[in-house]
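Biologist: I would like to go through the helix packing and the ligand site. Please back each label with a value.

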Amino acid sequence: MSGLALEGIAKRFGALTAVDDLSLTVPHGTFVCLLGPSGCGKTTLLRMIAGLESPSAGRIVLDGAEITDLPTHRRDFGMVFQSLALFPHLNVRDNIAYALRIRGVPKAEQEARVAELLDLVHLPDFGNRPVGKLSGGQKQRVAIARALAVSPRLFLLDEPLSALDAKLREAMQVELRQLQQKLGITTIVVTHDQREAMTMADLVVVMGEGRIRQAAAPVEIYRRPADAFVADFIGSTNLLDVAANGSGHALVDGIPLPGVALPAGLKRARLSIRPEDVRLTAPAEAPLTGRVTFLRDLGGTVETFVAVAGTTVIAVSTPRERPQVAAGDAIGIQLPPEACVVLPQ
Ligand code: ATP
């Protein structure tokens with residue numbers, strides 16, 4: 001297969017298992033985001049792929065050839081880390097040309113390649129600038145150009161945008177994705193920001209405690225999370241306890257939810273429903289009723305917090321469909337069955 005295969009990869013640091021028997025196939029040209037809470041093993045996994053850490057077990061295979069023990073400098077990978085690690089005493093051109101120079105690429109070829117890369121990262125006239133005189137976003141682009149100089153077989157980035165402010169980070173996410181699509185390069189990015197992963201990735205790999213909890217396309221993960229951990233980690237969701245009645249239909253707080261069933265044999269489960277899918281109605285029009293506890297008007301959207309069934313359900317509406325209620329009012333809640341995902345507890 002053309003692409004990257006991780007086969008039963010594990011990494012142990014003494015008694016601690018940072019990555020646990022993890023297998024994943026990444027077809028050539030895929031943009032992968034490794035996503036998960038702090039300490040779940042994302043960086044350790046990326047470092048093993050890079051050859052900076054050796055696995056305690058398992059194999060890494062690239063385009064059909066095993067590379068598990070191949071030294072980093074022979075893997076031909078491009079890497080960008082959070083710290084960027086640009087050479088402060090070199091200008092932009094020399095930073096980007098660095099890998100070409102140590103490989104003995106002829107000078108004219110180096111210059112042509114650097115010009116091409118500067119265009120690619122939208123910094124065509126910045127070659128002579130000292131890197132110390134660049135903004136955060138410009139430094140980021142130089143680090144990316146430097147990593148891409150030798151046309152790497154894999155492009156690996158560890159939290160590359162986390163030092164940027166929110167607006168610039170969002171812009172750079174789009175830029176990075178467009179760049180990757182243009183080059184068709186297999187790219188793996190570590191992030192703990194789910195919006196970042198949703199913006200850039202073909203394949204989101206959600207990790208928890210050294211294992212893959214779910215690996216799928218972003219929308220699939222959002223719409224069909226595998227479990228409550230994934231549902232809660234990707235976007236915001238409402239999680240409600242549900243029980244099965246005698247015929248397997250879902251009950252919330254003893255009240256039947258039309259059209260929602262639990263998998264055969266399951267007595268209890270959790271129901272995940274996204275805030276934008278919750279419908280608010282007059283109390284008499286819905287099976288479930290609750291009480292409004294808080295309204296958050298964010299300008300573009302309005303969030304209504306409703307105390308119901310021993311928890312708080314949040315509903316998101318556009319300002320135009322904003323419910324005419326105030327804190328303390330009773331309100332009806334409809335959970336459309338097609339938007340409900342029943343998850344094991
Ligand atoms: P973060 O988002 O905080 O960077 P992460 O998901 O990237 O977290 P890792 O850095 O891969 O997590 O760490 C996974 C676990 O392995 C953590 O418990 C960490 O403390 C531990 N760990 C990582 N590197 C080492 C090391 N060299 N020696 C001992 N333990 C380590």
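Modeller: What follows takes the helix pairs, then the ligand, then one loop residue. Keep in mind that this is a predicted model.

Biologist: Why are α4 and α5 called roughly parallel to each other?

Modeller: Start with the angle. Helix α4 covers residues 136–148, helix α5 covers residues 166–183, and they pack at about 20 degrees. Angles under 35 degrees count as roughly parallel. Therefore α4 and α5 earn that label. Their axes lie 11 Å apart. The crossing of α4 past α5 is right-handed.

Biologist: Which residues make the contact between α4 and α5?

Modeller: From α4 come Gly137, Gln140, Arg141, Ile144 and Leu148. From α5 come Leu168, Met172, Glu175, Leu176, Leu179 and Leu183. By class, the contact of α4 with α5 holds 7 nonpolar, 2 polar and 2 charged residues. Gly is counted among the polar ones.

Biologist: Now α2 and α4. What makes α2 roughly parallel to α4?

Modeller: Helix α2 spans residues 92–102 and packs on α4 at an angle of about 30 degrees, with the axes 7 Å apart. The cut-off is under 35 degrees. So α2 is roughly parallel to α4. This crossing, α2 past α4, is right-handed.

Biologist: Which residues of α2 and α4 meet?

Modeller: Val92, Asn95 and Ile96 of α2 meet Val142, Ala145 and Arg146 of α4. The contact of α2 with α4 has 4 nonpolar residues, 1 polar and 1 charged.

Biologist: And α3? Why is α2 called oblique to α3?

Modeller: Helix α3 runs over residues 107–120, and its axis crosses that of α2 at roughly 125 degrees. The perpendicular range is 65 to 115 degrees, and roughly antiparallel needs over 145. The value of roughly 125 degrees falls between these ranges, so α2 is oblique to α3. The two axes come within 10 Å. α2 passes α3 in a right-handed crossing.

Biologist: What does each helix bring to the contact of α2 with α3?

Modeller: α2 brings Val92, Arg93, Ile96, Ala97, Leu100 and Arg101. α3 brings Gln110, Arg113, Val114, Leu117 and Leu118. By class, that contact has 7 nonpolar, 1 polar and 3 charged residues.

Biologist: On to the ligand. Which residues are around the ligand?

Modeller: Phe13, Leu16, Ala18, Pro37, Ser38, Gly39, Cys40, Gly41, Lys42, Thr43 and Thr44.

Biologist: How do you know that Ser38 makes a polar contact with the ligand?

Modeller: Check the distance. A polar side-chain atom of Ser38 sits 2.6 Å from a ligand oxygen atom. A polar contact requires N or O atoms within 3.5 Å, so this pair qualifies. Gly39 uses a backbone N or O atom, 2.8 Å from an oxygen atom of the ligand. Thr43 uses a polar side-chain atom, 2.8 Å from a ligand oxygen atom.

Biologist: Last one. Where does Ser236 lie, and what does Ser236 touch?

Modeller: Ser236 is in the loop between α8 (228–233) and β11 (238–244). Leaving out residues up to four places away in sequence, Ser236 touches Arg274 and Pro275. Ser236 and Ser2 are 234 residues apart in sequence and 36 Å apart in space, C-alpha to C-alpha.

Methods
Residues are numbered from 1 along each chain as its sequence is written. This is a predicted model: local features need pLDDT of at least 70, side-chain atom pairs count only at pLDDT 80 or more; totals for chains, interfaces and linings use all residues. Side-chain values use heavy atoms; hydrogens and water are left out. Axes are lines fitted to C-alpha atoms, for helices over the stretch in contact, and angles run from 0 to 180 degrees between N-to-C directions. Helices (H or I, at least four residues) and strands (E, at least two) are DSSP runs, numbered from the N terminus. A crossing is left-handed if the near helix is turned anticlockwise from the far one by less than a right angle, and right-handed if clockwise. Contact means heavy atoms within 4.5 Å. A residue is near a molecule or strand if one of its heavy atoms lies within 4 Å of it. A polar contact is a pair of N or O atoms within 3.5 Å; within protein, one must be able to donate a hydrogen and the other to accept it, and residues adjacent in sequence count only if both atoms are side-chain atoms.
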